[in-house]
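Student: Could you take me through how features are read from a model, giving the general idea before each case?

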Amino acid sequence: MTTLAIYSNKGGVGKTAAAVNLSYLAAQTGFKTLICDLDPQGSATYYFRVKPKLKSGPKGFVKGVKGVYQSVKGTDFDNLDMLPADFSLRKLDVLYSRFGNSKKRLKKMLRPFANEYRFIILDCPVTIGILAENILNAADFTLVPLIPTTLSVRTYKQLLSFCKKNNYDVTKIYSFFSMVDRHKKMHKELMVTVSKVFKGVLRSFVPYLAQIEKMGIYRAPVAVYSPTSLAAQSYQNLWDKIQKTILYPQ
Amino acid sequence: MMTNDLRFNLPDGHDENQFVHHLADQYTIKKEPFFAQKVTIYDTFDWRLFNKSFILQSSGNRLFLRKLTKSEILHSVEFSRAPVFIWDFPAGELKDKLQPIIKMRALMKLVDLKSRSRPYRILNPDEKTVARLIFEEIQPFANKRKPASAVHLWLKPVKGYPKYASKLAKSLKEAGLTIGTEKEFFLKVLPSAGKQPGSYSAKVDIQLDPAMRSDQAAKVVSRFLLNVMRINEAIFEKDLDTEVLHDYRVAVRRTRSALSQIKYVFPAKTTDRFKKNFAYVGKLSNDLRDLDVYMLSQDAYKAMLPAVLRDDIDPLFGHLREKRAKAFKQVARGLKSKKYAKIMKDWETFLNMPPPDSATAPNAELPVVDLACRRIYKKFRGVVKTGSKILVNTEDKMLHVLRIECKKLRYLMEFFASLFPRKKMNALIGQLKRLQDNLGDFNDLCVQQKYLLRVAAALPGNRQQQKKTLVAIGSLVETLDRKKDTVKDAFATRFAEFASPENQALFKRLFNSHPSKGGA
């Protein structure tokens with residue numbers, strides 16, 4: 001089992017869109033894949049037309065009780081299951097801090113899935129608290145979508161220094177450019193600079209495209225309703241890159 | 001609650017539309033695009049995957065491993081050329097899983113199939129898929145005119161929505177459909193391509209009746225072995241893998257063992273003639289088998305060498321490869337020779353002859369269970385005796401003698417296994433096998449050492465190259481020596497386990513408590 005967290009400490013960078021599309025592509029390779037919607041807003045859950053309800057409430061995430069495993073739903077797609085969000089997940093940060101070994105609870109909760117799933121993809125909410133540490137501990141690799149803007153890059157720096165300070169292996173943190181506007185000079189320039197300065201920046205990016213926003217209308221991964229679009233192609237490229245660089249490096 | 005895929009058999013002349021129409025009264029149903037794919041199923045000649053309930057199949061550019069009883073994919077890997085041997089697979093989970101099952105056997109294409117599917121999705125009010133129905137037609141790939149060899153309807157529940165699937169299953173059953181399994185399908189599709197799953201196995205599996213006359217029982221055993229020889233002899237020239245010859249040779253060896261160990265059941269003259277004949281048959285392929293073994297352990301040899309010498313050994317294997325090609329041709333010629341054909345024909349004729357009315361040998365009319373008990377118990381005591389001597393004085397030669405004794409005992413126990421309680425027999429054979437593994441390892445090391453020394457003298461190539469290769473061989477011989485010592489050290493423990501008082505008591509109870517006694 002490989003756990004891949006799509007995470008950022010900044011909002012609106014395309015985390016959920018990436019998580020939904022990547023989990024779909026992972027499942028398409030024939031491997032059983034689970035997408036976990038950790039975000040109380042439940043956008044990924046909505047995209048897959050699943051009801052945002054955990055049988056266990058947020059406690060399942062803390063204590064790994066039966067209910068959380070029974071909450072898994074099959075999506076419309078082969079080999080892809082979902083652990084849906086629940087509005088009560090907003091309390092997760094607080095709940096984690098209340099219990100012992102508070103930073104490895106998520107990892108422990110996910111462990112029983114190892115027998116069934118080859119990939120677990122975590123769609124994470126914006127956080128840099130205890131939940132973030134749970135995510136970093138649970139994930140084999142963390143993937144950070146990066147908008148090529150100064151603020152976004154600045155937050156990324158914050159994340160890296162946070163990881164270094166708390167002894168998280170930064171070589172397991174990768175990033176890719178998201179919501180790229182190819183007409184903006186600044187986007188292009190920043191992409192070049194950032195790729196030089198930071199390690200683990202994947203040479204593949206997702207442009208800012210209306211096709212991706214339409215996910216809300218079609219409630220499906222891009223490749224399903226618009227398989228030949230640039231949007232579908234860019235997620236496919238990103239997934240190929242992830243396989244080559246992160247999952248099966250030569 | 002329903003969580004597994006169900007495969008319903010569809011009756012001939014079923015109407016897909018009518019089924020769907022019927023269901024549409026109760027569910028929102030969405031038709032999906034039709035798709036067809038080529039599916040190829042692989043297994044080894046002796047059905048190793050099928051016997052472990054696995055299906056290895058490819059579609060598109062991926063290989064998939066499934067469990068025979070389920071439809072989900074266990075492992076999958078991309079490939080450009082269909083792998084034949086385990087070493088052709090890329091490193092990974094699939095390779096790790098297959099390695100202990102197929103070992104050195106080649107994978108063969110069993111059958112190419114064409115699967116044509118029409119999927120339907122069952123939707124809930126959110127237009128979320130809550131179950132799937134797939135009409136699938138399977139037919140042989142090459143022969144498109146042939147009618148479909150299987151037609152069925154898959155009901156695939158979607159996780160988390162078991163109620164929908166249960167309800168659907170119920171209505172399909174009410175419509176008169178019956179559930180079929182993956183195994184059933186496998187067993188239906190393969191015969192349509194002329195393949196019988198599990199039809200070949202080199203394992204001795206002979207059913208005998210305890211009261212059967214011993215000469216007849218000996219013929220039943222021999223006929224089984226002859227069949228194994230015939231099957232492998234027929235595919236020998238394809239050079240599939242080294243196991244074809246190996247299985248063949250084991251059958252020859254077992255035949256020789258049967259002739260000498262199932263004593264006094266045939267006229268002495270006959271027994272002697274066939275003993276000689278099969279000694280000749282065995283010898284035909286001795287060289288080739290030895291060469292096969294060296295080639296198989298190529299990687300192991302290399303691993304034994306220090307890194308600086310590793311490439312220097314290549315000329316040796318190049319040389320061996322050439323010798324193997326020659327030896328292979330020689331065996332092929334041998335198997336096609338008149339002499340060989342006559343030996344086999346004579347044997348077959350003899351085995352199929354009706355039993356003579358009057359006994360032609362002292363044990364011919366003895367109930368086989370009596371003879372089996374006697375022979376096994378006697379051999380067992382022989383093994384214990386020889387082994388005990390070795391414990392006092394470990395001579396290489398004696399280990400060799402013991403190895404042969406054990407083999408004879410093993411064959412006897414396998415020939416007659418059906419006459420005794422299965423569980424106990426398996427346990428005893430297992431224990432014997434562990435002892436044999438130890439002795440076999442020791443013997444292999446001795447043989448390899450000897451061979452390397454012999455071949456060193458006859459290596460081709462220029463002198464400089466030769467010298468380097470000779471250094472590498474020298475290093476190998478030394479490593480083998482050390483390994484021999486380790487194996488030898490382990491012998492005492494293995495033997496003590498085998499000759500333990502409990503084991504001796506069990507042997508006695510099983511084979512020496514029979515009412516009729518006497519020397520064989």
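Tutor: What follows goes through a helix, two backbone angles, the nonpolar cores and the cavities in turn. This is a predicted model, in which local features need pLDDT of at least 70 and side-chain atom pairs count only at pLDDT 80 or more, while totals for chains, interfaces and linings use all residues. Residues are numbered from 1 along each chain as its sequence is written, chains are lettered from A and ligands numbered from 1 in the order in which they are written, and side-chain values use heavy atoms, with hydrogens and water left out.

Student: Which residues of α9(A) are buried, and which are exposed?

Tutor: An α-helix has 3.6 residues a turn, so residues three or four places apart point the same way. Helices here are DSSP runs of H or I with at least four residues, and strands are runs of E with at least two, numbered from the N terminus. Buried means under 20% relative accessible area, exposed over 50% and partly exposed in between, with a 1.4 Å probe and protein chains only. In α9(A), the buried residues are A:His187, A:Leu190, A:Met191, A:Val194 and A:Ser195. They cover an arc of only 130° around the axis, which puts them on the same side of α9(A); the arc is that of the directions from the helix axis to the C-beta atoms. A:Lys185, A:Lys188, A:Lys196 and A:Val197 are exposed on the other side of α9(A). The cover over the buried residues of α9(A) includes β6 (141-146), α8 (150-165), β7 (173-180) and β8 (201-207) of chain A, where contact means heavy atoms within 4.5 Å.

Student: Which residues other than glycine have a positive phi?

Tutor: Two cases can be set side by side. A:Arg49 has a positive phi of about 60°; A:Arg49 sits in the loop between α2 (43-47) and α3 (59-63) of chain A, and is buried, with a relative accessible area of 14%. For A:Arg219, phi is near 50°; A:Arg219 belongs to the loop between α11 (215-218) and α12 (222-225) of chain A and counts as buried at 18% relative accessibility.

Student: How many residues does the largest nonpolar core have, and which have the most contacts inside it?

Tutor: In soluble globular proteins, nonpolar side chains tend to be buried together. A nonpolar core is defined as a set of buried Ala, Val, Leu, Ile, Met, Phe, Trp, Tyr and Cys residues joined through side-chain atoms within 4.5 Å. The largest has 103 residues, and B:Phe416, B:Phe420 and B:Phe511 are those with the most contacts inside it. Helix α15 (residues 422-456) of chain B gives the most to this core, with 13 residues. Leaving aside neighbours within four places in sequence, B:Phe511 is in contact with residues including B:Cys373, B:Tyr377, B:Phe420 and B:Leu428. A second, separate core of 63 residues includes A:Phe119, B:Leu23, B:Val130 and B:Leu177.

Student: How many cavities of 30 Å³ or more are there?

Tutor: Rolling a probe the size of a water molecule over the atoms shows where empty space is left. On a 1 Å grid over the protein atoms alone, a cavity is a set of points where a 1.4 Å probe fits but cannot get out, and lining residues have an atom within 4 Å of a point. Grid points are joined across faces, edges and corners, and a volume is the space filled by probe spheres set on the points. The count comes to 3 cavities of 30 Å³ or more, and the largest holds about 50 Å³ of space. Among the residues lining the largest cavity are B:Phe236, B:Asp239, B:Asp292 and B:Arg324, and α7(B) gives the most to this lining, with 3 residues.

Terms used
1 Å grid on protein atoms, 1.4 Å probe; cavity = no way out; pocket = protein on both sides within 12 Å on 5 of 7 lines; lining within 4 Å.
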